[in-house]
Amino acid sequence: MWVEEIDALAPSETIDVHGDTVDAKGEIVASIIHREGAECLATYGGDEFYAGHSALTVNAYGKGKAYFVGTPLDETGTSAFMAPIIKELDLKSLDTPEDVSLSVRYGDDGTRYAFLINNSAADKRLCLSELNGGTELLAGTVINDLIELKPYGVDVIALR
């Protein structure tokens with residue numbers, strides 16, 4: 001697939017996005033997508049020039065799939081879009097407190113690194129058993145249930 005044009009939406013403007021599993025509002029931008037083999041998962045609604053064009057696509061390649069989202073979706077739409085992907089991959093969700101983000105990256109040697117970021121001015125406390133036994137690299141401590149993040153704090157945890 002390729003993007004012919006990206007249309008910026010006004011700050012308060014949204015665009016309808018509809019598909020078999022997604023009924024959402026998009027915002028910020030709307031991309032005009034030419035699929036060239038990718039499957040359309042949802043299209044733009046409304047009466048603008050991009051109405052009826054693909055808004056969400058998937059392309060199978062080798063053993064994987066690549067998804068393209070042509071507009072940032074609202075929370076309901078994002079959940080609806082991601083639910084079948086999460087189910088297909090049998091992913092487990094990890095809940096973090098509000099304003100705490102968690103991402104996991106893999107090193108060349110196979111070590112997993114968890115990055116916890118507190119995006120607020122308040123202390124945050126969380127327990128994620130999946131991180132137990134990991135080593136917090138900035139402080140050199142081993143994680144054992146409770147993690148305390150300072151305001152705007154960052155933990156980098158090496159996992160086995």
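Two strands count as paired here if DSSP finds at least two bridges between them. Strands (E, at least two residues) and helices (H or I, at least four) are DSSP runs, numbered from the N terminus.

Before you start clicking: this is a predicted model, where local features need pLDDT of at least 70, side-chain atom pairs count only at pLDDT 80 or more, and totals for chains, interfaces and linings use all residues. Residues are numbered from 1 along each chain as its sequence is written, and side-chain values use heavy atoms, with hydrogens and water left out.

**Stop one: S2 and S5.** Select residues 14-19 for S2 and 39-44 for S5; these two run antiparallel, joined by three bridges. Now pick His18, and across from it in S5 you'll find Thr43.

**Stop two: on to S6.** Keep S5 and add residues 54-61, which is S6; the two strands pair in the antiparallel sense over four bridges. Two cross-strand pairs are good to label: Cys40 stands opposite Thr57 in S6, and Ala42 has Leu56 across from it in S6.

While Cys40 is selected, is it buried or exposed? Neither: Cys40 counts as partly exposed because its relative accessibility is 28%. (Buried means under 20% relative accessible area, exposed over 50%, partly exposed in between, with a 1.4 Å probe and protein chains only.)

**Stop three: zoom out to the sheet.** Those strands belong to an open sheet of five, with the order S3-S2-S5-S6-S7 and antiparallel pairing. At its edges sit S3 (23-27) and S7 (64-69), each pairing on one side only. From one strand to the next, the twist averages 25°. Axes here are lines fitted to C-alpha atoms, for helices over the stretch in contact, and angles run from 0 to 180 degrees between N-to-C directions.

Next, select residues 75-89. This is helix H1, which packs on the sheet and touches S3, S5, S6 and S7; contact means heavy atoms within 4.5 Å. The direction of H1 makes about 180° with that of S7.

**Stop four: another sheet.** Move along the chain to an open sheet of five strands in the order S8-S9-S14-S11-S12, with antiparallel pairing. Its edge strands are S8 (100-106) and S12 (141-142), each of which pairs on one side only. Select S8 together with S9 (residues 112-118): seven bridges link them in the antiparallel sense. Ser101 is one residue to click, and its bridge partner in S9 is Ile117.

**Last stop: cysteines.** Pick Cys127, which counts as exposed because its relative accessibility is 55%. How many disulfides does the whole structure hold? Zero, taking a disulfide as a pair of cysteine sulfur atoms within 2.5 Å.
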